[in-house]
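Here is a short tour for anyone meeting this structure for the first time. Keep the 3D view open and follow along.

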Amino acid sequence: MRVIGTAGHVDHGKSTLVEALTGTNPDRLKEEREREMTIDLGFVWMSLPSGEEIGIIDVPGHRDFIENMLAGVGGIDAALFVVAADEGVMPQTREHLAILDLLSINSGVIALTKVDLVGEDETSRFEWLTLVEEEIRQVLAGTTLNGAPIVRVSARSRFGISELIQSIETCLKECPQRPDLGRPRLPVDRIFIMPGFGTVVTGTLLDGHLMVGEEVQILPKDTRGRIRGLQTHKQKEDIATPGSRTAVNISGVNVDQINRGNVIAHPGDYVPTRRLDVYFRLLREASQSLVHNLKTKLYLGSAEVVARVRLLGTEKLDPGEEAWLQLELEDPVVAVKDDRFILRRPSPGETLGGGIIVDPHPEGRHKRFNSKNLNHLNALKKGSPQDIVLHLLIGQGVVKINDLVTQSNLDKEIATAAIIDLYRAGQLVNLDTEISQKSSSVQDHAKFILGMDDVVTSKGFWEQLADHFINEVKNYHIIFPLRRGIPREELKSRLKGVYKNQLTTALYNSAIHKLIEEGFLSESGSMVFIPGFTIEFSLDQKDQIKALLTRFTSSPYAPPTAKECLALIGEEVFNALVELEKLVFLPPDVVFRKEDYDQMVSQVIQLIDKHGEITAAQVRDYFNTSRRYVLAFLEHLDARGITIRNGDFRKLKKIVKN
Ligand code: GDP
């Protein structure tokens, strides 16, 4: 579920446009809000051509705009930014844009409204609109809405409305759905009583889902209640999902126990705070500099709280400048790292600027101009060390720990601690399993786990890689059920097709080694197979094998040739018997049963032991066989390094215990 919010100068046609889009006049709904649970002040919804239902928060006036926009700040996915063609860019156009920018709303569509009012004829209208669009583009430049599409519309004649809807759809397609982080929070923007039901609150749900029947905590006071009913866009739901405009009917709580700005959450998920470390930007248009100890109003979520500003690293902040602030709040709020906020001067009312919450629970009151604190905040702003390392890791795929530390730009100690944390949390996977080879370890206590030269990857990449390896081997077993496994090199070339140059020999070897160590694959010689895989012969094949082996039994030392074997059992079965070590194949043509071959080896060793040396003819006579078999057999013994040949004679190369 997605929500868009309108913005733009008063009287530029926002409400009229919302009515043209949805068929509902958001202003008319105001009068109905006492009666209808889901109808919010200026809140309506519509279906896009794709069938997706979206919510629209309409903001009629300036002050309402800020409160409403902030009420759904995290929940607004995109802005519907309205500029009237006849007036062009006006002061509130700029101010609203600045606020969207501070809130980091980076998707949106610009509706150039009232195009029916400009120009005497087509040519002059075209020229006028081109000029206004040029002006809008200039204003958008450098903001989060830079480059947003501009659509010419007239709510009155409905010119351009379907194009605008299309544009909204395209814009939303590009913004990701809100994640479910498993810790829902609903900043309350409206509270009312619904006769027969009791207390109802509304807001845009963030970071998790809510379910009917759940116990909830109303923060910052620890008021407890239970969800009796949920509605999204007037529909009853059992579960409300993140990003959706949600009405919650809470039992066990009176309306006077809840205020706008409160947060509905699962008990224990959030701890309210009265102090925030923030990174702030004073608007270029601000009428004065920001000074230490200034009393301001903080707008965060749907909350509005008096906040005293502490300037941490500068004496004063001039318009357009950014700085670290610590905000001391009069009342506690629920805040989460990376939440956006706005600061306003209470009177006369003026938006000063805004920024991002970097630490919602600072350890204490920071000393001003303390470089250690400021450095720490700068690092936090970039993300926690784990975030930074993980981000790099995911981007790189596979990387050496040493390089990860360097690229993170973090202090070496901090980076290595983050790497160890990620490793322990299972987020970082070490591909180097050769523990003994670790030269320099990441940290003493992690010795034998991670080495600076170890190659690591992210959990996601490893799982994907491991799946590919395992599936490739499994498929091979299906296609070649009579083969023991896939040759290592063949597996590598198959996977290269997927991973290309990313799959270096080192990575391939490490991955195989790790998968074997973890018991997902087995290896025998150069064959890789799934543990427990056995070659299963069909009944026919079993009969053929039996017939063949009978022939081996009747003349073990002058057995059937390879050619005869192939004729009897076929190549696949023959190869399988060789792989299973039932047969010993001495190419090109000699084959023995394994037990007969072993027998021959031990007897030949004994004969040489006895005589010192032996000729092929002696072996032939001993086994009562032909020269062809004996030559192949003895050459094989030479090749194995058991015997050594000298003219017609062979002796033992080394003492062999067979
Ligand atoms: P808001 O303050 O931005 O919500 O503006 P409204 O929607 O209340 O519109 C202000 C005035 O402009 C109203 O009188 C509307 O009837 C008029 N208006 C809005 N859209 C159009 C339009 O496309 N064409 C014309 N001619 N008038 C419009």
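## Helices H8 and H10

In this predicted model, helix H8 (residues 385-396) and helix H10 (residues 412-424) pack with their axes 9 Å apart, at an angle of about 75°. Angles of 65 to 115 degrees count as roughly perpendicular, so H8 and H10 are roughly perpendicular to each other.

Which residues make the contact? On the H8 side, look for Pro 385, Gln 386, Val 389 and Leu 390. H10 brings Ile 414, Ala 415, Ala 418, Ile 419, Asp 421 and Leu 422. Sorted by class, the contact of H8 with H10 has eight nonpolar residues, one polar and one charged.

## Helices H11 and H13

Now move along the chain to helix H11 (residues 459-479) and helix H13 (residues 505-517), whose axes come within 11 Å and cross at roughly 80°. That crossing makes H11 roughly perpendicular to H13.

From H11, the residues to find are Trp 462, Leu 465, Ala 466, Phe 469 and Ile 470. They meet Leu 507, Tyr 508, Ala 511, Ile 512, Lys 514 and Leu 515 in H13. How do the residues of this contact of H11 with H13 divide by class? Ten are nonpolar, none is polar and one is charged.

## Around the ligand

Next, zoom in on the ligand, which has 14 residues around it. The closest are Asp 11, Lys 14, Thr 16, Asp 116 and Ala 155. By class, this shell splits into three nonpolar, six polar and five charged residues.

A few polar contacts are worth picking out. For Asp 11, a backbone N or O atom lies 2.8 Å from an oxygen atom of the ligand. Lys 114 has a polar side-chain atom 3.0 Å from a ligand oxygen atom. With Arg 156, an N or O atom in the side chain is 3.2 Å from an oxygen atom of the ligand. How much of the ligand does the protein cover? On its own the ligand has 580 Å² of accessible area, and the protein covers 79% of that.

## Backbone oddities

Some backbone details stand out against a simple background: most residues other than glycine have a negative phi, and most peptide bonds are trans.

Two spots have a cis peptide bond. One joins Leu 219 and Pro 220, with omega about 10°; Pro 220 lies in the loop between strand S11 (215-219) and strand S12 (223-232). Another joins Pro 587 and Pro 588, where omega is about 10°. You'll find Pro 588 in the loop between strand S31 (583-586) and strand S32 (590-593).

Then there's Arg 158, a residue other than glycine whose phi is positive, near 65°. Look for Arg 158 in the loop between strand S6 (150-152) and helix H6 (161-174).

Methods. Residues are numbered from 1 along each chain as its sequence is written. This is a predicted model: local features need pLDDT of at least 70, side-chain atom pairs count only at pLDDT 80 or more; totals for chains, interfaces and linings use all residues. Side-chain values use heavy atoms; hydrogens and water are left out. Axes are lines fitted to C-alpha atoms, for helices over the stretch in contact, and angles run from 0 to 180 degrees between N-to-C directions. Helices (H or I, at least four residues) and strands (E, at least two) are DSSP runs, numbered from the N terminus. Angles under 35 degrees count as roughly parallel, over 145 as roughly antiparallel, 65 to 115 as roughly perpendicular and the rest as oblique. Contact means heavy atoms within 4.5 Å. Ala, Val, Leu, Ile, Met, Phe, Trp, Tyr, Cys and Pro count as nonpolar, Asp, Glu, Lys and Arg as charged, and the others, Gly among them, as polar. A residue is near a molecule or strand if one of its heavy atoms lies within 4 Å of it. A polar contact is a pair of N or O atoms within 3.5 Å; within protein, one must be able to donate a hydrogen and the other to accept it, and residues adjacent in sequence count only if both atoms are side-chain atoms. Accessible areas come from the Shrake-Rupley method with a 1.4 Å probe; for residues, only the protein chains shown count as cover.
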